[in-house]
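I opened a new notebook page for this structure. The entries below follow the order in which I looked things up.

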Amino acid sequence: MNSVITGEIRKMKIIIVGLGKVGTTLAAELCDEENDVTVIDQKEDLVEDVSGQYDLMGITGNGASHSTQMEAGIETADLLIAVTGSDEINLLCCLMAEDGGKCHSIARVRNPEYNSEIGFIRDKFHISMIINPDMAAALEIARNLKFPSAIDVDSFAKNRVDILKFRIREGSMLDGLRIADLSRKIHGNILICAIERGKELIIPDGNTVLREKDQIAIVAGSADANQFFRQVGILANQVRNIMIVGGSPLAYYLTVLLQAVGIRVKIIEKSYERCEVLSEMLPKATIVHGDGTDKELLLEEGLEQYEGFAALTNIDEENILISLYAKKIAGQRKIVTKINRIAFDEVIRELDLDTIVHPNDITAEIIIRYARSMKNTFGSNVETLHKIIDGKAEALEFIIRPKSRVTEATLQELPIRKGILVACIYRQGKIIIPRGADRMQTGDSVIIVTQEKGLGDIEDILE
């Protein structure tokens with residue numbers, strides 16, 4: 001590693017090839033975290049735009065070229081991330097990086113034909129990580145279908161602890177309830193760790209009062225989360241069947257995952273040729289040739305009878321309109337909407353679309369999580385990172401190391417910085433929702449929720 005460490009600041013030298021949506025998001029996030037970032041793209045206007053906005057170096061050129069990578073400093077780089085529009089170029093970038101710098105490398109690969117060979121390609125080319133955005137999005141949707149009432153689900157402690165976001169509906173028993181009084185009305189091992197109220201993000205304390213339309217995030221184990229949802233009168237059990245509009249690769253990956261846990265799937269796809277392909281690849285699924293924007297077709301295919309619905313076409317506007325119609329017809333059923341572009345994010349959020357999935361954002365988050373984890377080798381101990389509440393806060397998982405200052409006192413005695421919440425302690429198979437008298441111990445997995453970015457060590461939570 002050739003990372004730069006100056007006092008409290010830990011820097012990594014990172015090269016990003018490709019300045020599409022994912023590449024630009026990565027450049028912004030990694031610069032914010034005090035990394036030394038260089039971007040490469042063949043479009044000069046993109047390079048100038050990004051290098052003008054952020055504190056980084058921009059190079060116009062072919063990122064798969066040895067000379068371009070040398071100009072970017074590949075010999076001393078810690079990490080190269082290839083997210084161009086071509087799978088083959090991304091793989092070639094990583095291969096050249098291995099030859100020129102011996103650094104870690106990440107390639108985005110979208111083509112489903114490569115999916116069964118990803119392990120071979122990764123090992124053969126010595127690529128640190130290959131990420132398929134459609135598979136990553138499918139895993140995210142599958143997690144959300146496990147908890148139909150949740151808008152988002154993020155997992156920690158090797159999937160033993162979840163942070164789930166949901167909206168307080170009209171007439172909910174939670175409306176007007178003070179968090180300190182929650183335990184008297186709700187029995188269960190859960191903690192409310194963040195609240196989104198309009199444009200405001202609240203890291204709550206006991207005096208915070210919940211309101212209708214709040215989007216709240218809770219931390220809990222799976223069984224505790226289901227118990228909580230049942231007690232507050234909202235849908236708790238995993239869906240048993242789902243209708244999907246759009247036979248994209250994402251729909252294929254999602255169907256495979258859902259059928260593996262016994263969920264029945266029907267896919268509606270307008271391309272007859274694609275229907276034939278899906279019928280061969282997914283013999284246990286029901287494949288319907290038709291236009292998913294046709295309301296009559298959706299009703300004829302039994303929309304009202306399905307517990308889940310996912311709009312996964314390649315057109316955002318179609319997905320939004322189809323989802324709004326499904327929500328009107330199906331009521332409290334689980335609705336998932338795929339959106340690629342986020343130009344009207346605030347407007348979309350007001351539409352009450354239930355779960356919105358952005359494959360590009362999921363890809364960027366996974367890569368940022370990997371970059372954070374690399375810092376384990378020089379001081380950081382971030383195990384898992386998820387952005388929650390529409391990216392307004394972060395939930396980070398740390399492993400407590402020996403001789404850490406956080407083990408020296410109880411939580412109420414520790415000088416924890418304002419705006420930081422210790423949300424959960426996972427210790428030897430036990431989920432602990434922490435109280436003031438609890439203390440962290442060596443070996444614990446600890447989940448922290450914060451509005452601050454760039455925490456690299458558990459001791460960063462202390463004043």
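Which residues have the most contacts inside the largest nonpolar core? I worked on a predicted model. I found Ile16, Leu26, Ile81, Met440, Ile458 and Ile461 in that role, in a core of 46 residues. I then looked up which helix gives the most to this core, and it is α14, residues 359-374, with six residues. I noted another core apart from it, of 26 residues, with Ile141, Ile263, Ile267 and Val336 among them. In soluble globular proteins, nonpolar side chains tend to be buried together.

Next entry: backbone angles. I looked up Asn159 and read a positive phi of about 70°, although Asn159 is not a glycine. I placed Asn159 in the loop between β9 (152-156) and β10 (161-167). Is Asn159 buried or exposed? Its relative accessibility is 55%, over the 50% cut-off, so I put Asn159 down as exposed.

I looked up Asp354 as well: its phi is near 70°, also a positive value in a residue other than glycine. Asp354 sits in the loop between α13 (345-349) and β19 (355-357). Its relative accessible area is 9%, under the 20% cut-off, so I entered Asp354 as buried.

Last entry: the second largest pocket. I noted a volume of about 600 Å³. The pocket is lined by 21 residues, and Ile179, Leu191, Leu421, Pro434 and Arg435 are the closest to its centre. I listed α7 (182-185), β11 (191-197) and β22 (420-427) as the elements that give two or more residues to the lining. The largest share, three residues, comes from β22. By class I wrote down 14 nonpolar, five polar and two charged residues for this lining.

Conventions: Residues are numbered from 1 along each chain as its sequence is written. This is a predicted model: local features need pLDDT of at least 70, side-chain atom pairs count only at pLDDT 80 or more; totals for chains, interfaces and linings use all residues. Side-chain values use heavy atoms; hydrogens and water are left out. A nonpolar core is a set of buried Ala, Val, Leu, Ile, Met, Phe, Trp, Tyr and Cys residues joined through side-chain atoms within 4.5 Å. Buried means under 20% relative accessible area, exposed over 50%, partly exposed in between (1.4 Å probe, protein chains only). Helices (H or I, at least four residues) and strands (E, at least two) are DSSP runs, numbered from the N terminus. On a 1 Å grid over the protein atoms alone, a cavity is a set of points where a 1.4 Å probe fits but cannot get out, and a pocket is an open set with protein on both sides within 12 Å along at least five of seven lines; lining residues have an atom within 4 Å of a point. Grid points are joined across faces, edges and corners, and a volume is the space filled by probe spheres set on the points. Ala, Val, Leu, Ile, Met, Phe, Trp, Tyr, Cys and Pro count as nonpolar, Asp, Glu, Lys and Arg as charged, and the others, Gly among them, as polar.
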